[in-house]
Amino acid sequence: PERLMKMSNAPPLKSKELLEYVSKPGNERLLIELVTMSVHKAIGTVCRGVDLSPSLFSSTLLMALIKRNSCSNEAVVLSVGDGFAVAGFADQSVAVVSPGENISGCKNRTYFVTAADAIEHVHIYRVKGFQQLLLSTDGLTKTLNINNEDCLKRFLLSLKNIKAVNSQGFK
């Protein structure tokens with residue numbers, strides 16, 4: 001994060017301070033620039049010397065910056081493309097935090113963080129008070145209907161049960 005800060009016009013901050021800074025409302029643009037810049041730099045580094053154009057790479061992105069508190073969890077979710085995020089709450093309710101984005105509503109046509117215009121397709125969402133946060137690629141959308149609240153509840157409950165079994169040492 002410190003190297004990325006040097007490449008931007010942001011004030012100099014340490015990693016923990018950077019997380020606090022970019023997660024505050026109003027500072028979203030810096031987060032968007034840092035993420036897209038780091039992806040483009042990484043791909044450019046890989047392509048350098050192997051005679052490949054960075055435009056050959058197509059990748060969506062879904063990430064969450066999570067702040068855990070004893071009373072309430074908070075997250076900033078950043079999305080480019082058709083991945084989605086769903087939050088589960090203590091009262092068993094669920095909410096689609098990030099629905100994903102397709103081009104003209106067409107399935108399997110989306111925006112990529114690797115594209116030159118990626119910065120125009122980055123979306124930031126905020127969620128508080130959740131107990132579970134599921135981030136998924138579009139591959140799960142055929143199995144999991146994010147428009148069906150019952151389906152989402154059952155799915156998050158099954159993940160919770162798997163976690164409970166794994167914490168007891170079973171696989």
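User: Is Ser136 buried or exposed?
Analyst: Ser136 is buried, since its relative accessible area is 9% and the cut-off for buried is under 20%. Bear in mind that this is a predicted model.

User: Where does Ser136 sit, and which residues does Ser136 touch?
Analyst: Ser136 belongs to strand S6. Leaving out residues up to four places away in sequence, Ser136 touches Leu62, Gly83 and Phe84.

User: What about Gln132, buried or exposed?
Analyst: Gln132 counts as buried because its relative accessible area is 18%, and the limit is under 20%. Gln132 is also a strand S6 residue.

User: How far is the C-alpha of Gln132 from that of Gly88?
Analyst: Those two C-alpha atoms are 4.8 Å apart, although Gln132 and Gly88 are separated by 44 residues along the chain.

User: Which sheet does S6 belong to, and in what order do the strands run?
Analyst: S6 is part of an open sheet of three strands, ordered S4-S3-S6, with antiparallel pairing. S4 and S6 (132-136) are the edge strands, each pairing on one side only. Ignoring direction, neighbouring strands in this sheet are turned by 25° against each other on average.

User: How many bridges are there between S3 and S4?
Analyst: There are four bridges, and the two strands pair in the antiparallel sense. As one example, Val86 has Val96 in S4 as its bridge partner.

User: Zooming out, how many helices and strands does the protein have?
Analyst: The protein has four helices and six strands. Starting from the N terminus, the order of elements is α-α-α-β-β-β-β-β-β-α.

User: What share of the residues is buried?
Analyst: Of the 171 residues in the protein, 32% count as buried. As for the outside, about 10,800 Å² is exposed, and carbon and sulfur atoms supply 54% of that area.

User: And what share of the contacts comes from residues 24 or more positions apart?
Analyst: Such pairs account for 60% of the protein's contacts with a separation of 6 or more.

User: Switching to charges: how many salt bridges are there?
Analyst: The count is two salt bridges. In one of them, Arg126 pairs with Glu28, and the closest N and O atoms are 2.9 Å apart. That pair links distant parts of the chain, with Arg126 in strand S5 (residues 123-130) and Glu28 in helix H3, 98 residues apart.

User: What is the relative accessible area of Arg126, and of Glu28?
Analyst: Arg126 has 36%, so Arg126 is partly exposed. Glu28 has 23%, and that makes Glu28 partly exposed too. For Glu28, the relevant cut-off is the 20% under which a residue would count as buried.

User: Which residues make the other salt bridge?
Analyst: Glu33 and Arg29 form that salt bridge, and their closest N and O atoms are 3.4 Å apart. Both residues lie in helix H3, four residues apart, or about one turn of the helix. Glu33 is partly exposed because its relative accessible area is 30%, and Arg29 is partly exposed at 45%.

User: What about backbone oddities: what is the phi of Asp51, and of Gln92?
Analyst: Asp51 is not a glycine, yet its phi is positive at about 55°. Gln92 isn't a glycine either, and its phi is positive at about 75°.

User: Where are Asp51 and Gln92 found?
Analyst: Asp51 is in the loop between helix H3 (28-47) and strand S1 (61-67). Gln92 is in the loop between strand S3 (84-88) and strand S4 (94-98).

User: Why does Asp51 count as exposed, and how does Gln92 come out?
Analyst: Asp51 counts as exposed because its relative accessibility is 77%, and the threshold is over 50%. Gln92 is partly exposed, with a relative accessible area of 43%.

User: Last topic: which residues make the nonpolar surface patch?
Analyst: The patch is made by Val46, Val50, Leu52, Leu56 and Phe57, and its area is about 460 Å². Leu52, for instance, lies in the loop between H3 and S1. At 42% relative accessibility, Leu52 counts as partly exposed.

How values were computed. Residues are numbered from 1 along each chain as its sequence is written. This is a predicted model: local features need pLDDT of at least 70, side-chain atom pairs count only at pLDDT 80 or more; totals for chains, interfaces and linings use all residues. Side-chain values use heavy atoms; hydrogens and water are left out. Buried means under 20% relative accessible area, exposed over 50%, partly exposed in between (1.4 Å probe, protein chains only). Patches are made of residues with over 30% relative accessible area and no salt bridge: like charges are joined within 9 Å, nonpolar side chains (Val, Leu, Ile, Met, Phe, Trp, Tyr) within 5 Å. Accessible areas come from the Shrake-Rupley method with a 1.4 Å probe; for residues, only the protein chains shown count as cover. A salt bridge is a side-chain nitrogen of Lys or Arg within 4 Å of a carboxyl oxygen of Asp or Glu. Contact means heavy atoms within 4.5 Å. Two strands pair if DSSP finds at least two bridges between them. Axes are lines fitted to C-alpha atoms, for helices over the stretch in contact, and angles run from 0 to 180 degrees between N-to-C directions.
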